[in-house]
Amino acid sequence: MATKTNQQPNSFRRKKSIVWDYFTVQQISAGCKKACCNQCKRSFAYVTDSKLAGTSHLKRHIATGICPVIRQKSKGMTKVNLSIPLKTEAQSHTTLPRKRVRSRPVSAPVHEIAKMIMLHEYPLNIVEHSGFNEFLQAIQPQVNMLNIDTVESECFSIYTREKQGILDLLNGSFGRVNLTLDLWESPQSLVYVILTGHFTDSDWKLQRRILNVVMLPFPESESAFNQAVVACINDWGLDNKLFTLTLDKSFATEAVRRNLRGLLPIKNPHTLGGQLLLGNCYARVISHLAVDALSSMVKTIKKVRDIVKYVKTVKSHEEKFIKLKQQLHNTSTKSLIIDDRTKWDTTYHMLVAASEVKEVFPCLDTSDPNYKETPSIEEWRQVEILCSYLKLFFDAANILTSPTYTTADIFFHDVWKIQLELTHAAMSEDTFVRTLAKPLQERFNEYWKDCNLILAAAVVMDPTFKMELVKFSFSKIYGKDADTWVKSVIEGVHELYLDYIPAPTFVVEEDCEDFGIEMTHEDSLIPASDGLSDFDVYLSEIMSCQHMKSELDLYLEEPLWPRAEEDLDLLAWWKENKQKYPTLSRMASDILSIPVSTVASESVFDTETKKMDSYQSSLSPLTVQALICSKDWLKYGPSKI
């Protein structure tokens, strides 16, 4: 029987893989062979003792363009095909196939790359990053590389096309346009104002689009914001279509608001003499209330944060906490979280979750030097009171995070409840509650005075409430003085309605003598009688006009629309009733589209103002506008033009 030899595996077997046209086997030492690339001279494992490494990794080196020499030679050619038939030994001395099939260079998908840059706020110079180019070449080795100028030009092309789509959308709208102004700052201390349009489209759907991004060279100037608004109006053809302006007190001084209030009736006389200007952003007002409330309990909140960190940052601590929770039969389903201090809602959720398991924390091993002091019973009570008011603020702000835009009437419900709750709390017998609520009530009272007329007018446009909810809520807030405030709302709504009624035209009759007509006694302007008969006719006409009721009066006098479990789609209701109320329906669509907040939905709970990154702000103002506006527009899908 023949004995087995100590030959290495495959040492006498002919190598059949085509990779050996590109690699040479080298003996490194006894029992160790390596495959050396004939192009880049890089060595790879092949045989070590009795283990055979195989050829898959060698194929990848050649076929996928990893070999730098072959990649360089293969530009403009097809990739190496390792599935071609086995070559003869004479042919094996060549390193690449002699016949090369050339292909044309492939253009980079510049349109898709430009959209990607806009949607995800990547820098324009990403197309020159080595990692990005290697990624493109891995997908398509023959791809042509891009430069910044090409991509920037495509971004402007997208911006121009999408802008025409927004213009068509605005021109198709039968109503007026509301503007919000928000301020962004850059690390270079540059200031940009973001102007966003809010309106009802031809299908009676609420729309919101960023219209302009204007750099303010001198933001401290009282007229700087006027210039930005006028530029937006001229850019989009909004003369006589501007309805309201919403800004924020954080940057809009009294002088700025006074100038803008004077601008409103100039650009559109139907604005109640500039009264339709909201000087405070709803989201920021709520955030300020929440931050002020949290600031009043800094030490107690730190205690809660520390013990939550103790549990969440070490796995063994969390496992022990869960076991103790089960032993205590605690039924809370909330998970402990460590808050993000730039988002006040995360602190609220942290406190709520911790307070629901407050009896578990004292059971942790207090001998552990890393474990912090557990809040006292009184401190937990204060945390729970604090959370009750934070919930009020959270529910009010959370409306703005809805994927669909909300009509202005919705905000009235939360605003009047906050006003009422804080008013009562400021007079509480509980010292802690009174101390917590009084400064909050004073801050919110300013906002209530600024916005209650507009929000009340919006809720009047809800056929399920009309004036009745205004009367009810005002009676709760103002008590015996409620009638005065209710009257101001009624008068404001009627005054605004008059702005929507077309001005009457008068026909002035020419003097008959101008036409050579001889006037008879009966035709004379001054009758022979005492004139009281004509006065009686005049008086009857006046009285008949006074008895004619307007659309607004008829609407208010009709019974309330039945309330259903689901909220009524107000714009759809007014669309269905536009034949019955042709004038009032236009007024309703404008009022219901009034925005109360200037910030985007993702920034509703922010405790810090929006910052523009340093690269973005280093670009020209026109490029910045094109990138920011296009990102916003592309969220709604590409333009159909």
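In which hand does H14 pass H16? The crossing is right-handed, and the third view below shows where these two helices meet. The model in these views is predicted, and residues are numbered from 1 along the chain.

**View 1. Five strands form one open sheet.**
Welcome to the sheet, whose strands follow the order E7-E6-E5-E8-E9 with mixed pairing. At its edges are strand E7 (206-215) and strand E9 (277-278), each of which pairs on one side only. Helix H22 (residues 621-634) packs on this sheet and touches E5, E6 and E7. The direction of H22 makes about 165° with that of E7. Helix H5 (residues 148-172) also lies across E5, E6 and E7, and H5 runs at about 125° to E7.

**View 2. Strand E5 pairs with E6 and with E8.**
Strand E5 covers residues 177-185, and eight of its nine residues are buried, so E5 is largely enclosed by the rest of the structure. With strand E6 (residues 191-200), E5 pairs in the antiparallel sense over eight bridges. To find one of these pairings, look for Thr-180, whose bridge partner in E6 is Thr-196. With strand E8 (residues 242-246), the pairing of E5 is parallel and runs over three bridges. Here Val-177 has Leu-242 of E8 as its bridge partner, while Leu-179 is matched with Leu-245 of E8. As a general guide for following the side chains, those of a regular strand alternate between the two faces of the sheet.

**View 3. Helices H14 and H16 cross at roughly 70°.**
Helix H14 (residues 431-460) and helix H16 (residues 482-500) have axes that come within 10 Å. The crossing angle is roughly 70°, which makes H14 roughly perpendicular to H16. From H14, the residues in the contact are Asn-452, Leu-453, Ala-456, Ala-457 and Val-460. They meet Trp-485, Ser-488, Val-489 and Val-493 of H16. Sorted by class, this contact has seven nonpolar residues, two polar ones and no charged ones.

**View 4. Helix H16 also crosses helix H20.**
The axes of H16 and helix H20 (residues 582-592) come within 10 Å and cross at roughly 115°. This crossing is right-handed. On the H16 side, look for Val-493, Leu-496, Tyr-497 and Tyr-500. On the H20 side, the contact is made by Thr-583, Leu-584, Arg-586, Met-587, Asp-590 and Ile-591. The contact of H16 with H20 divides into seven nonpolar residues, one polar and two charged. Val-493 may look familiar: this residue of H16 is also part of the contact with H14.

**View 5. Ser-189 and Trp-204 have positive phi values.**
Ser-189 sits in the loop between E5 and E6, in a hairpin that has five residues between the strands. Its phi is near 65°, a positive value in a residue other than glycine. Is Ser-189 buried or exposed? Ser-189 counts as exposed because its relative accessibility is 63%, and the cut-off for exposed is over 50%. Trp-204 lies in the loop between E6 and E7. Although Trp-204 is not a glycine, its phi is positive, at about 60°. With a relative accessible area of 5%, Trp-204 is buried, since buried means under 20%.

Key: This is a predicted model: local features need pLDDT of at least 70, side-chain atom pairs count only at pLDDT 80 or more; totals for chains, interfaces and linings use all residues. Side-chain values use heavy atoms; hydrogens and water are left out. Buried means under 20% relative accessible area, exposed over 50%, partly exposed in between (1.4 Å probe, protein chains only). Helices (H or I, at least four residues) and strands (E, at least two) are DSSP runs, numbered from the N terminus. Two strands pair if DSSP finds at least two bridges between them. Contact means heavy atoms within 4.5 Å. Axes are lines fitted to C-alpha atoms, for helices over the stretch in contact, and angles run from 0 to 180 degrees between N-to-C directions. Angles under 35 degrees count as roughly parallel, over 145 as roughly antiparallel, 65 to 115 as roughly perpendicular and the rest as oblique. A crossing is left-handed if the near helix is turned anticlockwise from the far one by less than a right angle, and right-handed if clockwise. Ala, Val, Leu, Ile, Met, Phe, Trp, Tyr, Cys and Pro count as nonpolar, Asp, Glu, Lys and Arg as charged, and the others, Gly among them, as polar.
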